[in-house]
Amino acid sequence: MHIPQLLQERFVAAIKDLTDDPETFASMIRATTDPKHGDYQCNAAMPLCKKVGQDSRTLAQTLVERLDVLDFCEAPEVAGPGFINLKLRDTFLCEQLQKMLGDERCGVTKVASGDNIVIDFSSPNVAKPMHVGHIRSTVIGDALARTLKFLGYNTITDNHLGDWGTQFGIIIYGYKHFGDPATVESNPVPELSKLYRHVNQLIEYRKALAAVPKTKAAITETEAELVAAKSALTSADAKAQKSAKKLVGAVERRLAGLNDDLDSLDEKITGVTSDPALLADAEKHPKVDVAVLEETAKLHQGDKENLALWEKFLPHCKDEINRIYDRLDVQFDHTLGESYYHPMLGPVVQQLEAKGLASKSDGAVCVFLDGFDAPMIVQKQDGAYLYATTDLATLQYRLDTFHPSEIVYVVDTRQSEHFVKLFAVADRLGMSDIKLVHVNFGTVLGEDGKPMKTRSGSLTGLESLLDGAVDRARQVVCNPDRLENFDPPMDEAEQESIAEIVGIGAIKFADLGHHRTSDYRFNLNKMVALEGNTSTYVQYSYARTQKILERAEKAESDVLELVKQHGVEFTHPAERSLALMLLKFEEAIVAVHKDYAPNMLVEYLLETSKVYSKFNEQCHVLRAESETIQATRLMLVTLCGRVLNKGLNLLGVNVVPRM
Ligand code: ARG
């Protein structure tokens, strides 16, 4: 049940002959924040009144007279300049909740189309350990896939693994120069990660050495700029002084950024120089950066040795990430990595050239696009293909194979330009009837507001984050003070399983709770807390619903029976508030789809938990005053448990029966 949609239909009928765009006006329906104004409010009269030539209040009155909603609303009221306040009838709420109780979809309508939607998410570059940056695509993509599937779309999830890029050049080089074949054989995953880190550190060291003089020069220049900017601070003119102050602030921030850069370059350098063995390797491999690219190029050209190494390493790299996906409870329909498209890249470039879309420029094959300074390069001078070429091949393959109406790419905001160009090329290739969406997202920051790094300067590993969250969850939920209250007592295995579910859920929920386009600061203590905007709180609310049902010794089918027998009726405002909240479940899910914004569901679940908590404080279930009241409350508790469980499930967060 989507109440605003139902209201919208009725408003369209009432407005139809007043404007040629009734849908837009009828869609101006919002849930109210204060129950004094009813449950929903329509704000159409204000923008519509000029077109109709009436004042807004009179128009609102006219609309109310024409509006046919009495079958589910109380008589609408006009307030202020022409707000139309709508309050749902209690009988309607009761009826809808009873329907929900008998419906395993919790009253959420399925979309009729059943279109195919491809969701490209997670997509890490394998061969290096997954880091904090991978959490967002994985978690947001999974939540969207689950939600769209529940709504009735045919979702096709594809993990577009980076299994063919420079990172393989890195481990191939590492294996050839530093690898111990026996260890790779006996303990492949840690050994390959070690080789990756080792070679990467040498590359970063070289890059840092080259970058230091440039950064120092930039600092000197900026310091001079700062002196100049500061001299204007003493200007007699107030306006000039103000703008000088602003400029000084900006230059100071830039200088601080450069100094931070220099620090992290220094860290990378001392990381190597302070370790004699590492330094010796760095000195023995001064051209490591170029050599790694050469190994990658050889792999792409089909060099037997490199191809054999790639085939040997890839399954281990996949094992490593699959272990994390298992822990995160994330699955994919397909894992067609970049390597899968390798044979299609040549033909893609030829096709672009044949259609006159691509042309040679400085030896590279480029697609020039209106409105962009730089073209999309699809083949480099040396014959190598690029990320963009693979994405074009992938796009063509997906169209031919899955016939989707929509493809969703859940990828970091920093790749926005790549996708704008990709979609522009797709358009010129005649793919305009398929909806291509870049669901972009911001960065996970450390508590200092900077991208989250480990002490050695690499991005924090995903696994250690998960471990940290589970440890924290164990302290918060399974501490001795809390454990005392459980009967039968919780054994170790149950405690472990709760800690894992609460810890992993907390990381996902916190990530999904921020609007995806904003950066956020990672704070485990806030994420796992029992109180606050956390999944722990929602999971705990769910567990409370289960406890009540257990004490009442009622299964869902019993509740359904009681409701039939005794009927339902609201006698307390907290019951009605909870009922209304539960009926808004579909609205929240539809909102997630509309903007690819899982935070809408997060907000809904938190709000529902809060309303449930009030209900819990104010309404006795086991000691209810009459059988009808008890049936009503048991129905609310049952539905609340189901909605919280399903809602969390759509976000990829699990629940436990008690905690
Ligand atoms: N592997 C890429 C990266 O880590 C992300 C791939 C996203 N998907 C795509 N079709 N380009 O940056």
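Here are some notes on this predicted model, point by point.

1. Overall build. The chain has 659 residues, and 39% of them are buried. Its secondary structure comes to 26 helices and 13 strands. Measure off the principal axes and the C-alpha trace spans about 85 × 70 × 65 Å. As for how the chain is tied together, take the contacts with a separation of 6 or more: 73% of those join residues 24 or more positions apart.

2. Domains. You'll want the division at hand when you scroll through: domain 1 is 3-88, domain 2 is 116-160 + 331-445, domain 3 is 167-311 and domain 4 is 462-650. Note that domain 2 is written in two segments, 116-160 and 331-445.

3. Domain 2 against domain 4. The centres of these two, taken over C-alpha atoms, are 37 Å apart. Contacts between them involve 25 residues of domain 2 and 19 residues of domain 4. On the domain 2 side, α6 (133-151), β11 (435-441) and β12 (444-445) each put in at least two residues. Helix α6 has the largest share there, with 12 residues. By residue type, that side of domain 2 splits into 16 nonpolar, seven polar and two charged.

4. The ligand shell. Which residues sit around the ligand? They are D120, S123, P124, N125, H160, G162, D391, T394, Y409 and V411. Two elements, α15 (387-402) and β10 (406-412), each supply at least two residues of this shell. Sorted by type, the shell has three nonpolar residues, five polar and two charged.

5. The annotated motif. An unreviewed UniProt entry marks residues 124-134 as a short sequence motif, the 'HIGH' region. In the model this stretch is 18% helix and 0% strand, and its end C-alpha atoms are 7 Å apart. For cross-reference with the previous point, P124 and N125 are among the residues around the ligand.

6. The C-terminal helix stretch. Have a look at α26, residues 627-650. From first C-alpha to last, this 24-residue helix reaches 34 Å, close to the 34 Å expected at 1.5 Å a residue. Is α26 mostly covered or mostly open? Mostly covered: 19 of its 24 residues are buried. Just after the helix, G652 takes a positive phi of about 80 degrees.

Definitions and conventions: Residues numbered from 1 in each chain as written. Predicted model: local features only at pLDDT ≥ 70, side-chain atom pairs only at ≥ 80, totals over all residues. UniProt positions renumbered as here; feature names shortened; annotations may be inferred. Helix = DSSP H or I, 4+ residues; strand = E, 2+ residues; numbered from the N terminus. Buried ≥ 20, exposed ≤ 12 C-beta atoms within 10 Å, placed from the backbone. Contact = placed C-beta atoms within 7 Å. Expected span 1.5 Å × (residues − 1). Near = placed C-beta within 6 Å. Nonpolar A, V, L, I, M, F, W, Y, C, P; charged D, E, K, R; others polar. Domains from an automatic or database assignment.
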